[in-house]
Amino acid sequence: MSSESQNVLPAEIAVPQAGELTSRVHPEPPHAYRTPFARDGARVLHAKAFRRLAGKTQVFTRLPGEHPGDHFRSRLTHTLEVAQIARTLATALGLNVELTEALALVHDIGHPPFGHAGEKALDHALKAHGLSFDHNLHALRIVTWFEERYAAFRGLNLTLAVREGIVKHSRDYDPVMHPELTAYFLDQRPPIEAQLIDLADEIAYLTADLDDGLDSGILTLDQVRAGMPLFRAFHDAVRAEEPNAAMRLTISETLRRILNALVTDLMREVHARVKALRIATLEDVRRTPGRIVALSPALEAERAVAKTFLYANLYNSPGMEEVHRHAEAVVESLFAHFMADPGLLPDDHRVLIGTEGLARTVTDYIAGMTDSFIEQMWMRMRGR
């Protein structure tokens, strides 16, 4: 037996393909040859909100003053990379691969335009109305209401397991503060399939953002080597093995090895924690005092250093600050524009004001926009 196959978890830990977690708000007959979670993944994949991720920022889609770059990650390509990592982990651990993939595909569907700068601006605008913006909860609104593809019901009618994972994959919610989420077992831990998504996301964007940062020129190789010991160690090994390789290829090989090291470490750490905690069933997972999915202490320390480095030198770099200020100005000015004249909202949003309130309705409209659409609307608003 290989060392990797020894990391397979007890079968009873995986979410089963039948039972309560496969239930839907609107009952549907079983499919002849697809599992409930395979159907969920396909529904997300075909959703308009999923396609719009192609036009939404991951870190940046353009450099200040330049046209959009063809090779930088969008929110969509990032999502596909997360799905690949998550599927690999679920397969190696013997978990429900189709559920894991569905959760990976849907995990960022609630993000607004302009990445985290757009999310921050929407949240700031809503605070003045006693509300807040949370992309996980907005994703739930999308899949349960805004997507319209079926004659019998609104939303995608996803299984309970996927809806729970949308809510809980990256954070816990207080049942007292969120009574509307009581159906999602807020007093229990999510299944490991859902917990995997948060770390798969971290691993994907850490390596991809380094790649895009170096490719853009915002980060330099010397800067990354000095600020990230994990990168430097792997890069030294690559250069020793391939002394004649071009610099861009040594970088690619280094990032590939970092990704592999993080994924392998995560897989082994999850198995070790399950064994140490004597977890044998899904119910055991739900009753654990903390989350099971984590990197080992050594690799978690390296990840934290890398994340700090990226915030200081990429996400909040001087050039990116200009991009963020512009994004926040666009979102906040459009929010104020629609609040002042709700009649400018499309009919399908305007009819929701009575039930959702004006501020939430305006937010829902803006959050669904792509970067290019919101820029065009902002320019029209300014008469340009």
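This is a tour of one predicted model, moving from the whole chain to a few selections inside it.

Before selecting anything, note that residues are numbered from 1 along each chain as its sequence is written, and that side-chain values use heavy atoms, with hydrogens and water left out. Because the model is predicted, local features need pLDDT of at least 70 and side-chain atom pairs count only at pLDDT 80 or more, while totals for chains, interfaces and linings use all residues.

**The whole chain**

Start with the cartoon view of the entire protein, which shows 18 helices and zero strands (DSSP runs numbered from the N terminus, helices being H or I of at least four residues and strands E of at least two). The radius of gyration is 22 Å, close to the 21 Å that the globule rule gives for 384 residues, so the protein is as compact as a globular protein of that length; the radius is taken over C-alpha atoms, and the rule is 2.2 Å times the number of residues to the power 0.38. Along the principal axes, the C-alpha atoms fill a box of roughly 65 × 50 × 40 Å. Of the 384 residues, 50% are buried, where buried means under 20% relative accessible area, exposed over 50%, and partly exposed in between, with a 1.4 Å probe and protein chains only.

**Helix α10 and its partners**

Next, select residues 229-241, which form helix α10, with 13 residues and a reach of 19 Å from first C-alpha to last, close to the 18 Å expected at 1.5 Å a residue (the expected span being 1.5 Å times one less than the number of residues). Show the side chains of L230, F231, H235 and V238, which are buried. Looking down the axis of α10, you will find that the buried residues fall within an arc of 115°, so they line one face of the helix; the arc is that of the directions from the helix axis to the C-beta atoms. These buried residues pack against α9 (221-227), α11 (247-276) and α13 (297-315).

Now add D236 and R225, which form a salt bridge with closest N and O atoms 2.9 Å apart (a side-chain nitrogen of Lys or Arg within 4 Å of a carboxyl oxygen of Asp or Glu). D236 lies in helix α10 and R225 in helix α9, so the pair ties together parts that are eleven residues apart in sequence. D236 is partly exposed at 35% relative accessible area, whereas R225 counts as buried at 14%.

**Along helix α11**

Move to V270, placed in helix α11 and buried at 0% relative accessibility. Leaving aside neighbours within four places in sequence, V270 is in contact (heavy atoms within 4.5 Å) with L9, L93, I292, V293 and A294. In the same helix, select R273 and E269, which are four residues apart and so separated by about one helical turn; their side chains meet in a salt bridge at 3.1 Å, N to O. R273 is partly exposed at 29%, while E269 is buried at 17%.

**A buried pair and a network**

Select E164 and R286, whose salt bridge brings the closest N and O atoms to 2.8 Å. This pair links distant parts of the chain, with E164 in helix α7 (residues 160-168) and R286 in helix α12 (residues 282-287), 122 residues apart. E164 is buried at 1% relative accessible area, and R286 also counts as buried, at 5%.

Finish with R73, E81, D211 and D212, which are linked in a network of salt bridges; the structure holds 29 salt bridges.
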